[in-house]
Amino acid sequence: MTDNSRPAVLELIGNTPLVRVSRFDTGPCTLFLKLESQNPGGSIKDRIGLAMIDTAERDGRLRPGGTIVEATAGNTGLGLALVGRAKGYRVVLVVPDKMSTEKVLHLKAMGAEVHITRSDVGKGHPEYYQDVAARLAAEIPDAFFADQFNNPANPLAHECSTAPEIWAQTQHDVDAIVVGVGSAGTLTGLTRFFKRVQPDLEMVLADPVGSVMAEYSRGGTLPTPGSWAVEGIGEDFIPSIADLSSVRHAYSISDEESFDHARQLLRAEGILGGSSTGTLLAAALRYCREQTQPKRVVSFVCDTGTRYLSKVYNDQWMNDQGLLQRKHYGDLRDLIARRFEDGRVISVGPDDTLLTAFQRMRLADVSQLPVLVKGQQLVGVIDESDILLGVHEDVAHFRRAVSSAMTDKLQTLSPDATLAELEAELGRGLVAIIQDASGFHGLITRTDMLNHLRRSLP
Ligand SMILES: Cc1ncc(COP(=O)(O)O)c(C=O)c1O
């Protein structure tokens, strides 16, 4: 750990594989995906992390002992942390709060300092992530603001590495490239390279619904931005480095369609991509199926899906967001996050120990569990305060049975009770137990109620 020379792993950035999509209907076209997830930091942004740091060192904007500051959805931060920490720099990153926990944990594990800021405010707001980063860069002595949104080294990295790799890997035979826009570095770099070698190549935008890029690229007007859950692509303004001159088509893809396509890609092709991969794949498939002539099309797996295991690949989170199709009853059963009839209830038995109950709560990240006999019949509910009361005098009581500490005088609500009755139950600090003559259906917590209300936001 004392050698400050460039670590050998940096040689593995770029030269990522190109794989043909073989299990989807691509119409008359052949679709390839470039697996940027195979970069050592797990995303396409390793390329620009390396390029921006090398360039800043050469220009004298980054000197030994300096600090690298950036506003990032996580991946650029990982690229900068990979290269920057290896070279002995302090790395300070400002990350919007919608980004996945895995990315934030990964950044911290690499030794980066992470400032979380609001993702629900736009450019110009003092808590907007890019404005926070600019402020920090001005305050910290010897700071280099990587500023991927305005840094020419960003598109240049794609012009000099991503684009020529695609050109070589397709044997100089490619008709269209489907990209998302975050900072627009990828789009601009590819556009510049292909204008020289293949001016007819069509750039196709894959944009989350809510982002302004697609509509702007079609008509030049700037719509009011919305919000989207896909990470890394979509913008609420037009990045200064964006070159839209080769964009011939633009598709707006909903979060639901994006996440569904990411999941399908894993199941059908065994490729584990991030949420934006779903957006790109959905747009690429639409483009391919609309063609009347065979075309060779390239898109990207921009980052690895391992950093979205708690989101895109987690049924519970998908359910909470209203992004999974499930049976709709038109009653309180629709508010239950873990429905008995779907086999998703996490429970304990009355003879299990309090330790088992506590560990099960931690594993599932819940604060209470229904107590079911033989996994069927409801006899009680146990929550964290019941366990605390049971063990606070003697930790050996963790080995006592759940039945000794659970609440067994249960107030239940039938699925056809009203929302007002549910709110009254939750208002008394209780979890609502939904049960009728047909049996136990599940619990509704305040979090479930909040998720329900949020899902109905227009
Ligand atoms: C996760 C992710 N980050 C970044 C990008 C591209 O970003 P940029 O426009 O900053 O080059 C993409 C493009 O699809 C992406 O999926």
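## Domains, helix crossings and the ligand shell

User: How far apart do the C-alpha centres of domain 1 and domain 3 lie?

Analyst: Bear in mind that this is a predicted model. The domain assignment puts 8-42 + 152-308 in domain 1 and 327-455 in domain 3. Go from the C-alpha centre of domain 1 to that of domain 3 and the distance is 44 Å.

User: And which residues does the assignment give to domain 2?

Analyst: Domain 1 is written as 8-42 + 152-308, and domain 3 takes 327-455. For domain 2, the assignment gives 47-145.

User: Are H1 and H2 parallel or oblique to each other?

Analyst: H1 covers residues 45-59 and H2 covers 75-86, and their axes come within 7 Å. They cross at roughly 50 degrees. An angle under 35 degrees would count as roughly parallel and 65 to 115 as roughly perpendicular, so that crossing makes the H1 and H2 pair oblique.

User: What is the make-up, by class, of the contact of H1 with H2?

Analyst: The crossing itself is right-handed. On the H1 side you have Lys45, Asp46, Ile48, Gly49, Leu50 and Ile53, and they meet H2 residues including Leu78, Leu80, Leu82 and Val83. Sorted by class, that contact comes to seven nonpolar, five polar and two charged residues.

User: How does H1 lie relative to H5, perpendicular or oblique?

Analyst: The H1 and H5 axes come within 9 Å and cross at roughly 120 degrees. Roughly perpendicular stops at 115 degrees and roughly antiparallel needs over 145, so H1 ends up oblique.

User: Which residues of H1 make the contact with H5?

Analyst: H1 and H5 form a right-handed crossing. H5 brings Ala153, Asn154, Leu156, Ala157, His158, Ser161 and Thr162 to the contact. Facing them from H1 are Arg47, Ile48, Ala51, Met52 and Thr55.

User: At roughly what angle do H5 and H6 cross?

Analyst: H5 spans residues 153-169 and H6 spans 185-197, and their axes come within 7 Å. The pair is oblique, and H5 passes H6 in a right-handed crossing. As for the angle, it is roughly 55 degrees.

User: How many nonpolar, polar and charged residues are in the contact of H5 with H6?

Analyst: H5 puts in residues such as Pro155, Leu156, Pro164 and Trp167, among others. From H6 come, among them, Leu190, Phe193, Phe194 and Val197. Split by class, the contact of H5 with H6 has ten nonpolar, seven polar and two charged.

User: Which helix supplies the largest share of the shell around the ligand?

Analyst: H6 and H9 (275-290) each supply at least two residues of that shell. The largest share is three residues, and these come from H6.

User: Which residues come nearest to the ligand?

Analyst: The shell divides into nine nonpolar, nine polar and one charged residue. Of the 19 residues around the ligand, the nearest are Gly180, Gly182, Gly232, Ser276 and Cys302.

Note on methods:
Residues numbered from 1 in each chain as written. Predicted model: local features only at pLDDT ≥ 70, side-chain atom pairs only at ≥ 80, totals over all residues. Axes fitted to C-alpha atoms, helices over the stretch in contact; angles between N-to-C directions. Helix = DSSP H or I, 4+ residues; strand = E, 2+ residues; numbered from the N terminus. Left-handed = near helix turned anticlockwise from the far one by under 90°. Contact = placed C-beta atoms within 7 Å. Nonpolar A, V, L, I, M, F, W, Y, C, P; charged D, E, K, R; others polar. Near = placed C-beta within 6 Å. Domains from an automatic or database assignment.
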